[in-house]
Structures are given as structure tokens and as C-alpha cells.
Amino acid sequence: MKEQTCPYCDYLQTDHETLDGENNPVDGDVSFCLNCGEACEFKGERLFKINEENLDKETRKKFNKIRHAWLKVRARQSVR
Ligand SMILES: [Zn+2]
């Protein structure tokens, strides 16, 4: 698996798991940045910024769940 950097924050992403739980993303898969919490699309082995408004409702729902969990973890870590 090639490494990618987040187009929003330049965070180096070495682990990729798609929303379907697969380890290798394919073109069109949506990626979530663990550093900044932004959504990206995987295309041609690179990550691109996407407009979340353009995602279908089901994908946005999944995405919001992931982001919600991510925010909780971040909030807990910030008060340690
Ligand atoms: Zn990022």
C-alpha cells in the first residue's frame, strides 16, 4: 500500500481502511483523515479533496458516525 498525504493538512496516511472495511482503497472510495477529520476521495493512488455535500446520503451517514467517534477520542485525549 502506497503512502498518501492528506490534501488538507499534509498528514502522512499509511493505513487505509475503506468504509466497507477493505484494506485497499479503489478509485472513488472516500477516505477520512485521522489528523484533521476531513473527507477525501481516493483516485489514481492519490487523495483529493471532496465536497461532502456531493456524497450520497448513506455515505454521509457513515461518515458522520466515523467523525463523531473520532471527535470523542480527540476530546478525551485533550483533557488527559
Ligand atoms: Zn488531514
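Biologist: In this predicted model, which residue is the bridge partner of S31 in β4?

Modeller: The strand β3 covers residues 30-32, and β4 covers residues 39-43. These two strands pair in the antiparallel sense over three bridges. In β4, the residue bridged to S31 is C40.

Biologist: Which residue of β4 is the bridge partner of F32?

Modeller: The strands β3 and β4 form a hairpin, with six residues between them. In the turn of this hairpin, G37 has a positive phi of about 80°. The bridge partner of F32 in β4 is A39.

Biologist: What is the bridge partner of C40 in β5?

Modeller: β4 pairs with β5 as well, in the antiparallel sense and over four bridges. On the β3 side, C40 is bridged to S31. In β5, the bridge partner of C40 is K49.

Biologist: Which residue in the turn between β4 and β5 has a positive phi?

Modeller: K43 of β4 has R46 of β5 as its bridge partner. The two strands form a hairpin with two residues between them. The residue in that turn with a positive phi, of about 55°, is G44.

Biologist: In what order do the three strands of the open sheet lie?

Modeller: The edge strands, each pairing on one side only, are β3 and β5. The strand β4 pairs with β3 and also with β5. The pairing is antiparallel, and the order is β3-β4-β5.

Biologist: How many degrees does the twist average from one strand to the next?

Modeller: The sheet is open and consists of three strands. From one strand to the next, its twist averages 45°.

Biologist: Which element gives the most residues to the largest nonpolar core?

Modeller: This core has eight residues: C6, V30, F32, C33, A39, C40, F42 and L47. The elements that contribute two or more residues are β3 and β4. The element giving the most, with three residues, is β4.

Biologist: Apart from residues up to four places away in sequence, which residues does F42 touch?

Modeller: F42 is one of the residues of the largest nonpolar core. L47, another member of that core, is among the residues that F42 touches. With residues up to four places away left out, the full list is P25, D27, D29, S31 and L47.

Biologist: Is D10 buried or exposed?

Modeller: D10 lies in the loop between β1 and β2. Its C-alpha is 9.2 Å from that of N35, although the two residues are 25 apart in sequence. A residue with 12 or fewer C-beta neighbours within 10 Å is classed as exposed. Because D10 has 10 such neighbours, D10 counts as exposed.

Biologist: How many residues of helix α1 are buried?

Modeller: Helix α1 comprises residues 57-78, which makes 22 residues. From its first C-alpha to its last the helix reaches 31 Å, close to the expected 32 Å. The helix lies largely in the open, because the number of its residues that are buried is zero.

Biologist: Is R76 buried or exposed?

Modeller: R76 lies in helix α1. The C-alpha atoms of R76 and T59 are separated by 26 Å, and the two residues are 17 apart along the chain. Because R76 has 9 C-beta neighbours inside 10 Å, R76 counts as exposed.

Definitions and conventions: Residues numbered from 1 in each chain as written. Predicted model: local features only at pLDDT ≥ 70, side-chain atom pairs only at ≥ 80, totals over all residues. Pairing = 2+ DSSP bridges. Axes fitted to C-alpha atoms, helices over the stretch in contact; angles between N-to-C directions. Buried ≥ 20, exposed ≤ 12 C-beta atoms within 10 Å, placed from the backbone. Core = buried A, V, L, I, M, F, W, Y, C linked by C-beta atoms within 7 Å. Contact = placed C-beta atoms within 7 Å. Expected span 1.5 Å × (residues − 1).
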